Amino acid sequence: MMLDTASKTIRSLLMLTAIGLSTNVATADDWPQWMGPTRDGNYNETGLVESIPTDGLPIKWRVPVDGGYAGPAVVGDRIYVMDYQRTKGTLVEDPGTKPKLEGIERLRCLDATNGDQIWKYEYPCSYRISYPAGPRATPTVVDGVVAILGAQGDLAVLDAESGNVKWHINLPEQFNAPVPTWGFAAHPLVTDDMVVTMVGGTDQAVVAFDRNTGKVKWKSLSSTDAGYCPPSIIQAGGTTQLIAWHPHAIASLNPKTGETYWTVPLIPDYGMSISQPQHSGEYLFASGIKDKSLMLKLDADKPAVTEVWAGAPKMSLSVSTMTPVIHDGLMFGTDESLGALVAAKVADGERVWQTYEPVRPEQKRKLPAGTVFVTRHTASGHYFLFGEDGHFSIADMDADGYHSRGQMKVVEPTQTAFGRKVVWSHPAYANQTAYVRNDKELVAIDLAKP
């Protein structure tokens with residue numbers, strides 16, 4: 001896990017001092033980046049509730065935020081979240097429209113105990129993208145620094161404690177990179193001494209920057225634009241591999257040099273490479289809309305892959321705005337054409353069951369791009385789910401189906417897609433708390449077992 005080691009050690013010692021040597025000590029965990037410490041949707045903290053009562057879980061606090069799809073990151077007692085203060089122009093949410101907006105993109109550092117602002121970093125930013133509510137990428141907080149990526153390509157690294165800026169560049173300006181239709185969205189990857197993100201263009205689909213200076217360390221691959229999928233790190237074939245999915249192919253790179261290990265074509269409709277390829281055991285699964293899914297088997301001895309199966313109608317998962325979670329031979333994610341939460345087999349893509357309950361509880365029919373963000377609680381095996389209409393759910397999920405452990409409404413959906421209101425922001429889980437947001441507020445849900 002990518003954590004501040006000293007801070008973690010101090011927190012652990014204080015916890016043990018307060019509670020004693022009990023064998024039932026609750027363990028803390030951070031959520032330093034999108035989809036958690038290892039970017040796979042697993043949450044490791046203990047001492048949590050097992051279900052949601054009929055009157056809901058306690059709300060610790062609610063604080064105002066402005067527009068954005070970017071989820072929060074949490075390290076220790078601090079929350080890092082981005083938003084957009086629109087100062088001029090009319091917000092229009094339509095796939096064929098790129099309204100001209102003026103405003104300020106912000107990174108805000110908040111106190112996790114009460115939501116109070118500790119510091120903020122802001123810069124003027126003109127939006128010329130479709131669905132311009134605000135930033136898309138969750139901050140990445142590693143070893144005392146925070147890396148951010150704004151919707152128009154502003155990439156920056158700051159001191160996580162003070163908010164002091166180490167460096168800030170604009171990707172379109174520095175690399176003549178085209179801005180994707182829906183803005184830059186690839187949550188920055190911080191690995192070793194680098195910040196890696198998708199840029200787009202000839203020989204620069206992926207770029208690694210020196211974490212301290214912002215100087216380019218390497219560039220690799222070619223693509224029409226950056227796409228929307230974040231790069232990730234996996235261990236396979238006795239090798240550390242950087243996995244990148246741009247609008248033309250999935251590729252494996254040497255994270256130190258950018259050298260290509262292997263590449264497999266996978267071309268999503270409308271350039272929508274969004275969902276991060278998920279690694280589970282010997283498999284790597286990638287998925288996009290219109291049945292553009294692919295299951296790859298990773299070679300055990302070297303960085304290489306073979307295709308196991310490819311997506312087809314009514315099988316596998318064709319996801320759009322979320323990334324599936326894989327466990328015990330099953331994949332759990334929302335299928336773009338159905339809009340339902342679907343369980344499918346890793347081995348052959350066969351669908352096992354589907355349900356709309358955590359997406360929209362009253363939904364009975366197909367729902368274009370229906371979305372729920374799935375997180376597995378490793379200690380209990382339960383799943384935490386945050387649906388597009390603002391419901392938070394706890395459930396068990398296995399081959400036999402979806403087994404609810406309760407649900408509560410937390411926020412109102414504030415964005416518009418396919419003629420309905422949605423909230424498309426991944427939650428964070430830390431401090432025995434779920435942190436969820438829309439375009440108006442950030443909310444802390446108490447998950448501590450009474």
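Tutor: Helices (H or I, at least four residues) and strands (E, at least two) are DSSP runs, numbered from the N terminus. By that rule the chain has two helices and 35 strands. This is a predicted model, in which local features need pLDDT of at least 70 and side-chain atom pairs count only at pLDDT 80 or more, while totals for chains, interfaces and linings use all residues. Residues are numbered from 1 along each chain as its sequence is written, and side-chain values use heavy atoms, with hydrogens and water left out.

Student: What makes the size of the chain agree with a compact globule?

Tutor: The globule rule is 2.2 Å times the number of residues to the power 0.38, with the radius of gyration taken over C-alpha atoms. For 450 residues that gives a value near 22 Å, and the chain has 20 Å, so the two agree. Along the principal axes, the C-alpha atoms fill a box of roughly 55 × 50 × 50 Å.

Student: Does Y131 count as buried or exposed, and why?

Tutor: Buried means under 20% relative accessible area, exposed over 50%, and partly exposed in between (1.4 Å probe, protein chains only). Y131 has 13%, so it counts as buried. Buried residues make up 60% of the 450 in the chain. Y131 sits in the loop between β6 and β7 (140-142), and it has a positive phi of about 55° although it is not a glycine. D203 also has a positive phi, of about 60°, and is not a glycine; D203 is in the loop between β12 (194-198) and β13.

Student: Why does S280 count as partly exposed?

Tutor: Its relative accessibility is 26%, so S280 falls in the partly exposed class. S280 belongs to strand β19. From S280 to K297 the C-alpha distance is 9.9 Å, with their positions 17 residues apart in sequence.

Student: How do you know that β5 and β6 pair?

Tutor: Two strands pair if DSSP finds at least two bridges between them. Strands β5 (residues 101-111) and β6 (residues 117-127) run antiparallel and are joined by 10 bridges, one partnership being C109 with W119 in β6. The two strands form a hairpin with five residues between them, and G115 in the turn has a positive phi of about 85°.

Student: What makes β11 and β14 edge strands?

Tutor: Their sheet is open, with four strands in the order β11-β12-β13-β14 and antiparallel pairing. β11 (189-191) and β14 (216-220) each pair on one side only. For β14, the partner strand is β13 (residues 206-210), through four bridges, and F209 has V216 as its bridge partner there.

Student: What makes a residue part of the lining of the largest pocket, and which ones are closest to its centre?

Tutor: On a 1 Å grid over the protein atoms alone, a pocket is an open set of points where a 1.4 Å probe fits, with protein on both sides within 12 Å along at least five of seven lines; lining residues have an atom within 4 Å of a point. The largest pocket has a volume of about 810 Å³, a volume being the space filled by probe spheres set on the points, which are joined across faces, edges and corners. Among its 31 lining residues, M272, I274, S320, T321 and W424 are the closest to the centre.

Student: And which residues are closest to the centre of the second largest pocket?

Tutor: That pocket has a volume of about 520 Å³. Of its 27 lining residues, T38, R39, D40, I233 and I234 are the closest to the centre. The elements giving two or more residues to this lining are β11, β15 (232-236), β19 (278-280) and β23 (325-327).
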